[in-house]
Amino acid sequence: MSNSLSSILRTSELQNGCPAPAKGSPLTLKERLSRFEKVELSGDLSRLTEGDRKAVSKLVEVAHLLDRIYIRQVSPGNEELYEKLSSCSKEEPELLELYKLFKGPWDLVDEEKPFIAGVKPRPDTANFYPVDLDKAEFEAWLETLSQEQKEQAKGFYHVVKRDDKGALYLVPYSEEYRDLLEPASKLLQEAANLVSDKSLSKFLSSRAKSFISNEYLESELDWINISDKSPLEITVGPYETYDDKMNSYKASFEMFIHARDFESSALLKVFEESLPEVEAHLPIDDAYKNKHLRATPIVVVNELYSGGDATVPMTAAYNLPNDEQAIKRGGSKLVIIKNVQEQKFQSILVKISEILIDPKQRQYIDFEAFFNHILLHEVSHSNGPHETVQEPVVPIRSKLQEYHSTLEEAKADITGLFAAKLLSDKGSFKHVSMESFYVTYLASAFRSIRFGLNEAHGRGQAAQLNYLIDQGGFVYDSTAELFRVNFDKIDHAVESLVREIMIIQGNGDKSKAEQFLNTYGINRDYAALALKKLVDIPIDIRPKFAVA
């Protein structure tokens, strides 16, 4: 076994030189795959020019390259493991298929348990830091750095490595992944020369340069400013920090190729204007409110292809960029992936409600409520504090570190529900009642919790469910083993949770964040029982992309 492969495999448990399924697992490979319902994803391509279509083919090639970068980012030895699985695909084809779903040997919806024999636990450092680096050594090293180096060490776009003498040093992404970023940059520029929309062309060209220069701010602003007339919406680059579980600093590469849904986008313009009003009504002191708030442009799309950090569970929406400097200068943009949402709702959420929700409230399960809450979740990432309220003012993620992603997802969820009530009272929803918002949200909580408590959305939803039950907004009937909404108490419970989370964030109080998540971000007995009852329902969808 090579040294690289041995960094991810504890012992040489290869069978005839090939990886083997983990022993003693309660699930077969086929059963693990069956948890993800196969769906075909496509979109309306009628508005695409011939140049747009040619560009899509090149962008799919970029997505393949970003797959390789992300696999490398997940863990030392992960890329070598993928190569070994690929060469052994005839022996265990389902093992490779499952690996491709997760981009690694850990089951992301089963507490990251390895499904390949001999695989070590997934490192909190991912492959952004030396695996033997702990937080204490990292923090001590930070104090030795210049201000510029300190910002890079805590920033999105540099990995931390250790030299032969044990000293830590920084390497920019542009150097660490040069073998894959250079061809990706070339393809992005070629696509930029083909697309019909000038603003999209500008973004693809500037992002191609970012891959080489390691400077991302200007291309982030170009992404925010892609015209709402562009038939394609492309997201490509290092964005999410979920895999850096030690600090939540380092960004993983991802790519989404979308066709714009012009009709749905036109219907949702009202949400672009709702942010300031929601912020004004937040149940927190003014000191905690976002003073740099910008209206979030909203784009509704249908997914054509994805790559990199685009594993199951499938992303249904995202609000980017995450770079605080880019947000200050240009705001952010919300992308809602309608065809993914529709498939999740029909394949999973309706089935969950038929098992767990009080029959008297099942009438309120509604796709429009589901769709609009995901929209409001993403919008609500912009609400509330993004920096600490006390001096020195620093980004919240730098204070909450490993708890930041989970708390941020919980904040966006519950603030989205708070915003729904505010907008509903104004008459913004013509065909969706608050009863539908609340009951659909309750059923959807179990959809997310099934992703596991090691995943930010899953643990964030567990925390919300338990908190709202403790406050009386949600009710568990232990006799019938069913859940329902208490419509008399839910409004107050939602406001209380919004306040609790935003104060923790604004204070940058890591100990309070830890206490909150240890108290609420767990699966209590009723949730554990509920999850057992959902064992035969798909956890998520897995795509077959028509353009591929």
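**Figure 1. Surroundings of L180 in helix 9 of the predicted model.** L180 touches L65, R68, I69 and R72, leaving out residues up to four places away in sequence. Helix 9 covers residues 178-192. From L180 to L66 the chain runs 114 residues, while the C-alpha atoms of L180 and L66 are 7.6 Å apart in space. The relative accessible area of L180 is 10%, so this residue counts as buried; the cut-off for buried is under 20%.

**Figure 2. Contacts of I234 in strand 6.** Strand 6 is made up of residues 232-238, and I234 belongs to it. With a relative accessibility of 0%, I234 counts as buried. Apart from neighbours within four places in sequence, the contacts of I234 include L59, L200, F203, L204 and W223. Also in contact with I234 are I226, M255, F256, I257 and H258. In a regular strand, side chains alternate between the two faces of the sheet. A second distance can be read for the pair I234 and S6: these residues are 228 apart in sequence, and their C-alpha atoms are 37 Å apart.

**Figure 3. H377 in helix 17 and its contacts.** Helix 17 spans residues 367-380, and H377 is placed in this helix. Not counting residues up to four places away in sequence, H377 touches E409, A412, D413 and G416. Is H377 buried or exposed? Its relative accessibility is 6%, so H377 counts as buried.

**Figure 4. The cis peptide bond between E391 and P392.** The bond from E391 to P392 has an omega near -5° and is cis. P392 is found in the loop that lies between helix 17 and helix 18, the latter covering residues 396-400. Helix 17 is also the helix that holds H377.

**Figure 5. The cis peptide bond between V312 and P313.** Omega is about -5° for the bond that joins V312 and P313. Which elements flank the loop that holds P313? The loop lies between strand 8, residues 298-308, and strand 9, residues 317-320.

**Figure 6. The hairpin of strand 4 and strand 5.** Strand 4 (residues 158-162) pairs with strand 5 (residues 168-172) in the antiparallel sense, over five bridges. In strand 5, P172 stands opposite H158. Five residues separate the two strands of the hairpin. In the turn, G166 has a positive phi of about 95°.

**Figure 7. The hairpin of strand 11 and strand 12.** Strand 11 (residues 474-477) and strand 12 (residues 482-485) run antiparallel and are joined by four bridges. The bridge partner of V475 is R484 in strand 12. Between the strands of this hairpin there are four residues, and E481 takes a positive phi near 55°.

**Figure 8. Positive phi at N16 and E111.** N16 is not a glycine, yet its phi is positive, at about 55°. The residue sits in the loop between helix 1 (3-6) and helix 2 (29-34). N16 has a relative accessible area of 82% and is therefore exposed. E111, also not a glycine, has a positive phi of about 55°. The loop holding E111 lies between strand 2 (106-107) and strand 3 (113-114). At a relative accessible area of 52%, E111 is exposed; the cut-off for exposed is over 50%.

**Figure 9. Overview of the whole protein chain.** The chain has 24 helices and 13 strands. Its radius of gyration is 23 Å, which agrees with the value near 24 Å that a compact globule of 548 residues would have. Along the principal axes, the C-alpha atoms fill a box of roughly 60 × 55 × 55 Å. Of the 548 residues, 59% count as buried. Where contacts join residues at least 6 apart in sequence, 76% of these contacts are between residues at least 24 apart. The exposed area of the chain is about 22,000 Å², with carbon and sulfur atoms supplying 47% of that area. The chain carries 66 positive and 85 negative charges, and the mean positions of the two sets are 2 Å apart.

Conventions
Residues are numbered from 1 along each chain as its sequence is written. This is a predicted model: local features need pLDDT of at least 70, side-chain atom pairs count only at pLDDT 80 or more; totals for chains, interfaces and linings use all residues. Side-chain values use heavy atoms; hydrogens and water are left out. The radius of gyration is taken over C-alpha atoms; the globule rule is 2.2 Å times the number of residues to the power 0.38. Buried means under 20% relative accessible area, exposed over 50%, partly exposed in between (1.4 Å probe, protein chains only). Contact means heavy atoms within 4.5 Å. Accessible areas come from the Shrake-Rupley method with a 1.4 Å probe; for residues, only the protein chains shown count as cover. Lys and Arg count as positive and Asp and Glu as negative; His and the chain ends are not counted. The place of a charge is taken as NZ of Lys, CZ of Arg, CG of Asp or CD of Glu. Two strands pair if DSSP finds at least two bridges between them.
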